[in-house]
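Me: I've never read a binding site before. Could you walk me through one?
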Amino acid sequence: MPAFVDRTSGAPEPRQVLRPHAEHAFAAELAALAAQDDRPRPARWKLSPWAVATYLLGGTLPDGTVITPKYVGPRRIVEVAVTTLATDRALLLLGVPGTAKTWVSEHLAAAVSGDSTLLVQGTAGTPEEAIRYGWNYAELLAHGPSRDALVPSPVLRAMAEGTTVRVEELTRIPADVQDTLITILSEKTLPIPELGQEVQAVRGFNLIATANDRDRGVNDLSSALRRRFNTVVLPLPETAEAEVDIVTRRVDQIGRSLDLPSAPEGTDEIRRVVTVFRELRDGLTSDGRTKVKSPSGTLSTAEAISVVTGGLALSAHFGDGVLRPDDIAAGVLGAVVRDPAADRVVWQEYLETVVREREGWQDFYRACREVTV
Ligand SMILES: Nc1ncnc2c1ncn2[C@@H]1O[C@H](COP(=O)(O)OP(=O)(O)OP(=O)(O)O)[C@@H](O)[C@H]1O
Ligand SMILES: [Mg+2]
């Protein structure tokens, strides 16, 4: 029998878990922040808004504890997001794919409520029960509708406990199901007509939703629902340096959890992946001189992270443990060429006109040529 983790019984052994929740992975940082945070905390918050922002952006505490940055980006964005959660408005994180919407929402929930696991994953098939409540049918048939037969959704649990709930990909959820949130967010209550009862949200309850720019128009939020949210747009990294920094940090973290070698000598390759992705995304070379065509894929920071992680794994298992152009070329090609016909032309043109001519990129050019057939 597989051992299931009882979600209420606390943290599983962190080293056994493939991807620990933020509140477990960064438990030490959160504890240090809580111990040294003497600013006022909103009801049921584990930390003050200032400490939550420090947790996300990183910093050094008075006793010397270093808080690693989780989100690399404008401080103001994080401050607005955190402040929103302390008000009666919900938070909507919006942005193109791979701009850390999910990542930020998980860390916000972990820092504010100490629990990032109350989550509704939005899909085209998300039913109303996922936002309201369902029933345990055995119990329902045996004893009729009762509190015991009720299966609360993550949203209902967060309301009752006064914590943060996350809704992922809100705009993928069918419009009528989305609108279930209106009463919850404006009246802060969820009626349960079957029981003649209601669940009123306890102070500390709030909701973080994420939505992808690319899904715009799939199931746009009704204006009634939109008004219940403060929207914060997460931008793409402004400079190549910032993006290299993000990729380096995340690759290091992910690599450690997968027992991969670190990439101290690989920063050259990271810089190349980031440069290629940025130039193709922007349709312009970094010196601003040459226009290039953009492929159909998104080429986000998140994809750069997975290309480099994949490269590290290749070098660890089939190379000499040092990240080389050969290790990343196939990954770059896979990310750029999503549509085998159109994207391949775009890629080949970029390869021949930009990569080939660039000083110091000959080894990378050759590696890319080899995998591009
Ligand atoms: N500005 C940033 N700071 C820190 N990490 C970042 C940043 N941008 C992207 N990342 C990293 O990118 C990865 C993917 O982010 P995430 O999955 O949160 O993106 P998303 O915006 O939710 O994308 P999608 O729209 O595809 O759901 C994460 O590992 C995250 O750490
Ligand atoms: Mg996401």
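Me: Which atom of ligand 1 does the backbone of Val 72 pair with?

Reply: Look for N or O atoms within 3.5 Å of each other. In this predicted model, a backbone N or O atom of Val 72 sits 2.7 Å from a nitrogen atom of ligand 1. Gly 98 has a backbone N or O atom 2.9 Å from an oxygen atom of the ligand, and a polar backbone atom of Trp 103 is 2.8 Å from an oxygen atom of ligand 1.

Me: How much of ligand 1 does the protein bury?

Reply: Start with the ligand taken alone: ligand 1 exposes 640 Å², and the protein buries 83% of that. The space ligand 1 takes is the largest pocket.

Me: Which elements give two or more residues to the shell around ligand 1?

Reply: Those are helix 5 (101–113), helix 11 (240–257) and helix 13 (301–318). By class, the shell has eight nonpolar, five polar and four charged residues.

Me: And where does ligand 1 lie relative to domain 1 and domain 2?

Reply: Check who supplies the shell. Domain 1 (22–233) and domain 2 (240–372) both give residues to it, so ligand 1 lies between them.

Definitions and conventions. Residues numbered from 1 in each chain as written. Chains lettered and ligands numbered in written order. Predicted model: local features only at pLDDT ≥ 70, side-chain atom pairs only at ≥ 80, totals over all residues. Heavy atoms only, no water. Polar contact = N/O pair within 3.5 Å; in protein donor to acceptor, adjacent residues only side chain to side chain. Areas by Shrake-Rupley, 256 points an atom, 1.4 Å probe, with all protein chains shown as cover. 1 Å grid on protein atoms, 1.4 Å probe; cavity = no way out; pocket = protein on both sides within 12 Å on 5 of 7 lines; lining within 4 Å. Sits in = over half its atoms within 2 Å of the grid points. Helix = DSSP H or I, 4+ residues; strand = E, 2+ residues; numbered from the N terminus. Nonpolar A, V, L, I, M, F, W, Y, C, P; charged D, E, K, R; others polar. Domains from an automatic or database assignment.
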